[in-house]
Amino acid sequence: MPSTIPKALNDLLISLNGKGYKSYKILQGKSFQYPPFTLRFEHVQGDPYAAPSRLTLSTKLSEIGLASTLYDTPTKKLALEDHLLRVLHKKVLTLKNKIKGSGRSGEISVQPPSQKVILRSGITISNDSLTLILFAGLPGNGRNVLAKECIHLFSEILPSAWEESISEESIDLDQVRNSINTLEDYYALRNALKQNEWVAFIADGSNLPRLSGISDLPLQNNSVAFLAPDELQAEVNLPHKGKVAGMPVPKGITLIVGGGFHGKSTLLNAIQNAIYPHVSGDGRELIATHPSAVKIRAEDGRATQPINISGFMDNLPSVSSTKKFSTQSASGSTSQAINIIEALEADSSLLLMDEDTCATNFMIRDARMQALIENNREPITPLVDRIKELYQDFDISTLLVMGGSGDYFEAANRVIAMDSFRPIEVTQKARQIVKKNPTSRKIEIKFPFPPIKPRSRDLSALNFQRGKKDCVIQTRQLITLVLGQTEIDVRYVEHLVEEGQLEFCGWILKQLKDRQNFTEKQTETVKDILKEIELQGLGSITPYNNGKLALPRYQDVLAVLNRLR
Ligand code: ADP
Ligand code: MG
């Protein structure tokens, strides 16, 4: 690619020099040829302190040396998009402070990818073309155009950025194939789960721990590789890696026990994260989890619209009926009950729980407490009394980290102990303990767990308008979704991993509100919308592609909706 700026763009920028910053607006909608790329100014910022301008670069894939065999299936296409975005993102990070100017002059970015491989709008392949979206702060001197720096940006910085990341010369085809193979193996592993009635599989050699509590990058030094115990080891056959050994987690109730700091939560977290495929080198590429899995935790303070939690709660003080329970501020135990019911509503068949984030009184009620506080004074039916029923009658598996109580031994189909970061099979041992040391606690169920019935949420609080704007959808990290004047607190929806997913949830809720017709179930409408997106891409429900969207799961869209106050 010639690192020369198209003459038309060069001349235009010279003519703007020193004029008011808004004169940059003349670029909006204009395209320029940078063979083999076409650069288009989609949106031009109004001043140098505003969000950078949005540009698209498009090209035919054959022009950058990518044959159609590298994107002729949805999996390959996704892997290629993800791969190219990562390469470009890495390059763009090196371009800081190369341009002088006020405010955000010279800031360059693309959609930042997490460790997961998910559908995003920052780079899209459609037919034989590639479109990528780039954000660039057009240089200003105060509130005037700074043409010299802008020409520098478009003659050197940007051309060299794509030359060194997504030109034919710089694309490493071996790495591209590796990304494709990694993703194909993950999906094959996910298929193996289905065939074998497993809910998760962790390959031997996987690297589970993360760099820190605030990083999703792998821990590199002193990390103990995962190794399945002999008794539990199984093998799968993957298209690229071939035979891979590891530990399957079969359907049913599985307990993870073990001493503190022995790696229980780390194992559960890896399983929780493996609802998504991971990028090559992450350490979790060969861990797969049932795609409907939902992490369940206590979330005191959350709100709920009317929901039937009577399977877990009965006779709550000053609550008329727990069949239509609503609150602006749930307790630890009620919030956890709500979260389980909502997971069932969202067709989840695997619940993940960690004692670290569960409400104790929701999880257990031991014999001594049963003796002290009579059944009719305790509104809670603890999970320990329902967990088997959820599996037998509703086909809901549970994977539970529980190092602090043996009361789940009776219910468990298998018990795995973590010992110095290595799993050990202890099911038989736990059974013997149950026999030798029978529990004196009583099961306190009074009626069968109520079936899950569809409910209609009141969407009147969903108003996207703010000021003069018809539709405001914004995110604040993965903590808050802002819709018009409404805010939804999503900090405990742990399966949302990229901000683009949260923003996209906002767009889906917009569709839901626009389409609500009171005859169709809301969950069905959400499913319909997601199906359309699958066929037509992320851009199909937004007015334009803002280059920052990512696809959330059905379960997580509902999780966001359910937190509407
Ligand atoms: P637990 O839940 O059993 O108390 P954690 O899973 O929180 O323990 O792990 C405790 C610490 O050990 C964490 O800092 C974690 O990053 C680290 N850790 C976990 N698994 C491994 C491993 N396989 N190799 C090295 N460090 C690990
Ligand atoms: Mg823990």
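These are my notebook entries on a few local features of this structure, which is a predicted model.

**Entry 1: the magnesium ion**

I began with the magnesium ion, ligand 2. Which protein atoms act as its donors? I found Ser265, through OG, and Asp356, through OD. They lie 2.1 to 2.3 Å from the ion. Next I placed the two residues in the chain. Ser265 belongs to helix α5, residues 264-273. Asp356 sits in the loop between β19 (350-354) and α7 (360-363). The pair is 91 residues apart, so I noted it as a link between distant parts of the chain. I also looked up the accessibility of Asp356. Its relative accessible area is 57%, which is over the 50% cut-off, so I logged Asp356 as exposed.

**Entry 2: aromatic pairs**

I then turned to the rings. How many aromatic pairs are there? The count comes to 10, with ring centres required to lie within 6.5 Å.

I took Phe41 and Phe154 from the set. Their ring centres are 5.3 Å apart. Their planes meet at 50°, so I wrote the pair down as tilted. Phe41 is in strand β2, residues 37-43. Phe154 is in helix α3, residues 147-163. The two positions are 113 residues apart in sequence, so this pair ties separate parts together. Are these rings buried or exposed? Phe41 has 0% relative accessibility and counts as buried. Phe154 also comes out at 0% and counts as buried.

I looked next at Phe394 and Phe449. Here the centres are 5.6 Å apart. The planes stand at 85°, so this pair is edge-to-face. Phe394 is in helix α9, residues 387-394. Phe449 is in the loop between α10 (427-436) and β23 (473-476). They are 55 residues apart, and the pair links distant parts of the chain. For burial, I got 24% for Phe394, which is partly exposed. Phe449 has 5% and is buried. I traced this pair into a cluster. Ring pairs join Phe394 and Phe449 with Phe312 and Phe362.

**Entry 3: charges over rings**

I checked where a charged side chain sits over a ring. The charged end of Arg386 is over the ring of Phe447, 5.3 Å from the ring centre. I also found Lys510 over the face of Phe464, at 5.8 Å from the centre of that ring.

**Entry 4: helices α11 and α13**

I looked up how α11 (residues 499-515) packs with α13 (residues 554-561). The angle is about 75°, and the axes are 10 Å apart. That angle falls between 65 and 115 degrees, so α11 is roughly perpendicular to α13. Which residues make the contact? From α11 I listed Leu502, Cys505, Ile508, Leu509 and Leu512. From α13 I listed Asp556, Val557, Val560 and Leu561.

**Entry 5: Thr38 and Ala550**

I picked two residues and looked up their surroundings. Thr38 lies in strand β2. Its relative accessible area is 22%, so I marked Thr38 as partly exposed. The C-alpha atoms of Thr38 and Leu57 are separated by 5.5 Å, with their positions 19 residues apart along the chain. Leaving aside neighbours within four places in sequence, Thr38 is in contact with Ser31, Phe32, Gln33, Thr56, Leu57 and Ser58.

Ala550 lies in the loop between α12 (522-536) and α13. I got 0% relative accessibility, so Ala550 counts as buried. What does Ala550 touch beyond its neighbours within four places in sequence? Its contacts include Gln111, Ile118, Leu119 and Arg120. They also include Glu498, Gly500, Gln501, Phe504 and Leu538. I also checked Ala550 against Gln175. Their C-alpha atoms are separated by 23 Å, and the residues are 375 apart along the chain.

**Entry 6: backbone details**

I finished with the backbone. Where is the cis peptide bond that I noted? It joins Pro35 and Pro36, with omega about 0°. Pro36 is in the loop between β1 (31-34) and β2.

I also logged positive phi values in residues other than glycine. Glu197 has a phi of about 60°. Glu197 is found in the loop between α4 (173-196) and β9 (198-203). Gln477 has a phi near 50°. Gln477 is in the loop between β23 and β24 (480-483). With a relative accessible area of 54%, Gln477 is exposed.

Key
Residues numbered from 1 in each chain as written. Chains lettered and ligands numbered in written order. Predicted model: local features only at pLDDT ≥ 70, side-chain atom pairs only at ≥ 80, totals over all residues. Heavy atoms only, no water. Donors = N, O, S within 2.8 Å, 3.2 Å for Na, K, Ca; no water. Helix = DSSP H or I, 4+ residues; strand = E, 2+ residues; numbered from the N terminus. Buried < 20%, exposed > 50% of the residue type's maximum accessible area, 1.4 Å probe, protein only. Phe/Tyr/Trp six-rings, centres within 6.5 Å; stacked < 30°, edge-to-face > 60°. Lys NZ or Arg CZ within 6 Å of the ring centre and 35° of its normal. Axes fitted to C-alpha atoms, helices over the stretch in contact; angles between N-to-C directions. Parallel < 35°, antiparallel > 145°, perpendicular 65-115°, else oblique. Contact = heavy atoms within 4.5 Å.
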